[in-house]
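This briefing sets out selected structural features of the protein shown below. The points are grouped by topic for ease of reference.

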Amino acid sequence: MPLRVAPSAASAVMEQQESSTSTSSSTGGAIPLDSASSASSASSASSASSASSASSASSSSASSADSAGYGYDAESGGAAGVIIEASNITVKVPAKKSLLDKCRGRPGTDEIVLLDNVSLKLVPGELTMLLGPSSSGKSVLLDVLAGRLPSALESSGSVLYNGMELDPSDVMAISGYVQQEDIMLADSTPRENLQFLARLSLPSTMSAEDRNERVESVLNVLGIAKVGDTLVGVPGLKRGLSGGERKRANIAQSLITAPQILYVDDPTAGLDAATAEAVIVNLRKLAKKNNMTILASVSQASNEMLHVFDNVMALAGGQVAYSGKVTGLLPFLEDIGYECPRGLNPADFTIEILSRSALVLNDDEAAHGGSSASTSASSSLARIQAITAAARAAGMGVPDSSSASLSQAGSLHLDEFNGHRPSPIVKLAQLVKRNIMLQVRNKQASWARAGQMIILGFLIAAIWYQIDRGQTGGLDRAGLIFLVTIMLVFSGMQAAVTLFIPERAVFMRESQDGLYSTVTYLAAKVIADLPFQAFYLVLYVFQVYFMVGLQADLEKFLIFVGFAYQLSLFGTWLGLLLSAATGDSDAANALAPGVVLPSTLFASFLVKPESIWVGIRWLRYFSFMKYAFNGVLINELKDLTFTCDASEAINGTCPVPNGQAVLDLFEAEEDGNIGFNSGILGVYMAIFLIFSYLALNASRKR
Ligand SMILES: Nc1ncnc2c1ncn2[C@@H]1O[C@H](COP(=O)(O)OP(=O)(O)OP(=O)(O)O)[C@@H](O)[C@H]1O
């Protein structure tokens, strides 16, 4: 996709626009604060007719939204409009052939066309609906326009923004993109989310007061100020926002930078008709008041909702089936023989006739040579082809030969930041703060972890209570230490999976939006987790150490605590890696024992090294549990002497006179001392973080 422009061409067009519009451009890195007056006059001409055609229902909703107090337009940069002209957009994906097909050399399509020569023009101040059955290519088109097409897809064609081709990062700078799924943290509130985004995405020169004002105005624009402090929650699991509020809170996240363009993927999915219409009315208000160019895909719409939109573009199988004013949709279909039956709403009818699996076909179909069997795929395909051909013949979805009317356009806000982006330290601090807040709020997980540490700690302490210093004391200590090390690693690992997986989608969205780097994200996770791991460890380690009666020596106690802390972090970072690599808590939890248990087999507690078959004996050097076990064992058994009765002595000597004998039995010092074992674990931990980074980076680019 040629989405680049030579700087000279870009600046020439910029100059032309700047001189041809009365809209002021941004200055000094601040978000433009000009009023929407010039823009609204620009947009009013184009949108007046469609605006007046909006249903009474929508206007009443709109006026109620008005009274909610819009303040967004007064300070947004939306006044500078952007005309988008996409020409001949084609998107393909290489077809996957089975190995069998490849071996047999079966012919087949080498690629699947997802979008086929789609052209469209969007103007500021208008709300355009992207309508079509499932899989018709709506999301793919939004991705292309928003500069977010996955790299696996090949694309061609051009997209001009006020007559310029832009780099994808510039497209992202001037546009907001609302994904189909509501991606928000369950334990945060809409206001907190917006404050976080404002801190990370607005110029650092903006005062805290101005940022807060921006947050409040966005909450007001979308009518969610009242629920600004309600937890987002999880539908059906954790009480929180209603469906409509969730949608609006999700859209709000894309408005914090006052983008000039907004792409919204199915904002009404899963909402009842009235709530869906209210969401669309909010979008229309945004378009009108801020002169924004808004394209929203929709897979279901009531008649009232359809008429809130200015324009509609219908897609079928990646081709344009209609493009124009909403009011022209039914006449166009009627002209080519598809009359919407009474009682069926126009959007549903359009989707129905554009669907390959249409089930409710009517007499019109028969009139076109169809039959009861006309629901077959081939007749559906023929129908869709006829409609898309008619659209093309009517000049829909073909490149606009007239030059773009730049009088409606403003300057592109490409360099709002002027080098005043928030520093990585600010980003890190914000992420650490948010991570700590989320951990504190996740009470269920916190109680479960604390309970686990207290109960298991007490159980272990009770079983090994006041461990003796007799001949079995060495083996008893080894058993205890073996269990303690495994428990610490598993507990940390589980906690990481529980906390990380629900956040993953948020990380993907925010990092794709360029809010922070993967390194900053990982660093914040690690830093925020440190005090929590320490807290849980205190609940566990004191009771185990003192109830069991391990060596009463301050240095040994501190080393034990330090090792236990390292093992907790070791488990957490391993959990982070498994979560980052799989992206799924079930898969991560299923993998965890598979990673840890083989390692315990080589820890020399269960099997002596020389008893292991020589062919795999070398694997023990990769056993992280061996280093964990050895480190703690050396600390506890060094300088410890054991007593023995006369009955236990063999030829007058005790078989296990001291801890050293037990260390020799387990070959615990074979590799090195405590520092060496701790160092090797540190190397493993660094590897976990590096691979977590790679896995997260790979997933955000997918
Ligand atoms: N990254 C991808 N790799 C391969 N195929 C893809 C990819 N993204 C989308 N597709 C395919 O492109 C087609 C159009 O998908 P798209 O998500 O745009 O549909 P849609 O119209 O938005 O549908 P829905 O309303 O159900 O979300 C589908 O067949 C989908 O499987």
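Which residue in S8 is the bridge partner of tyrosine 263? The partner of tyrosine 263 is leucine 295. The model is a predicted one, and the protein in it contains 26 helices and 10 strands. Of its 702 residues, 45% are buried. Among contacts with a separation of 6 or more, 81% are between residues 24 or more positions apart.

**Strand S8 and its partners**

- Strand S8 spans residues 293-298, and 6 of its 6 residues are buried, so the strand is largely enclosed by the rest of the structure.
- Side chains in a regular strand alternate between the two faces of the sheet.
- On one side of S8 lie Thr293, Leu295 and Ser297, and on the other Ile294, Ala296 and Val298; all are buried, and both faces are thus covered.
- Strand S7 (residues 261-264) pairs with S8 in the parallel sense through 4 bridges.
- Strand S3 (residues 127-131) also runs parallel to S8, to which 5 bridges join it; within this pairing, methionine 129 has alanine 296 as its bridge partner.

**Isoleucine 294**

- Isoleucine 294 is a residue of strand S8, and it counts as buried because 26 other C-beta atoms lie within 10 Å.
- Beyond its neighbours within four places in sequence, isoleucine 294 is in contact with Leu127, Thr128, Leu262, Val264, Leu283, Leu286 and Ala287.
- Between isoleucine 294 and phenylalanine 570 there are 276 residues of sequence separation and a C-alpha to C-alpha distance of 47 Å.

**Helix H11**

- Helix H11 comprises 18 residues (273-290); its first and last C-alpha atoms are 26 Å apart, close to the 26 Å expected at 1.5 Å a residue.
- Of the 18 residues of H11, 15 are buried, so the helix is largely enclosed by the rest of the structure.
- Asparagine 291, just after H11, adopts a positive phi of about 55°.

**The antiparallel sheet and helix H6**

- Four strands form an open sheet in the order S2-S1-S4-S5, with antiparallel pairing.
- The edges are held by strand S2 (111-122) and strand S5 (164-165); each has a single partner strand, so one side of each is left without a neighbour in the sheet.
- Strands S1 (residues 84-94) and S4 (residues 154-161) run antiparallel and are joined by 7 bridges; glutamate 85 stands opposite leucine 160 in S4.
- Helix H6 (residues 138-145) packs on this sheet and touches S1, S2 and S4. The direction of H6 makes about 120° with that of S1.

**The ligand shell**

- The ligand has 15 residues around it, of which Ser134, Ser135, Lys138, Ser139 and Val140 come nearest.
- Helix H6 gives the most to this shell, contributing 3 residues.
- By class, the shell consists of 6 nonpolar, 8 polar and 1 charged residues.

**Helix H22**

- Helix H22 (residues 585-601) has 17 residues and should span 24 Å at 1.5 Å a residue; its end C-alpha atoms are 25 Å apart, which agrees.
- The buried residues of H22 are Ala588, Ala592, Ser599 and Thr600.
- The cover over these buried residues includes helix H19 (473-512), helix H21 (554-582) and helix H24 (624-637).

How values were computed. Residues are numbered from 1 along each chain as its sequence is written. This is a predicted model: local features need pLDDT of at least 70, side-chain atom pairs count only at pLDDT 80 or more; totals for chains, interfaces and linings use all residues. Helices (H or I, at least four residues) and strands (E, at least two) are DSSP runs, numbered from the N terminus. The expected span of a helix is 1.5 Å times one less than its number of residues. A residue is buried if 20 or more other C-beta atoms lie within 10 Å of its own, exposed if 12 or fewer, and partly exposed in between; C-beta atoms are placed from the backbone. Two strands pair if DSSP finds at least two bridges between them. Two residues are in contact if their C-beta atoms, placed from the backbone, lie within 7 Å. Axes are lines fitted to C-alpha atoms, for helices over the stretch in contact, and angles run from 0 to 180 degrees between N-to-C directions. A residue is near a molecule or strand if its C-beta atom, placed from the backbone, lies within 6 Å of it. Ala, Val, Leu, Ile, Met, Phe, Trp, Tyr, Cys and Pro count as nonpolar, Asp, Glu, Lys and Arg as charged, and the others, Gly among them, as polar.
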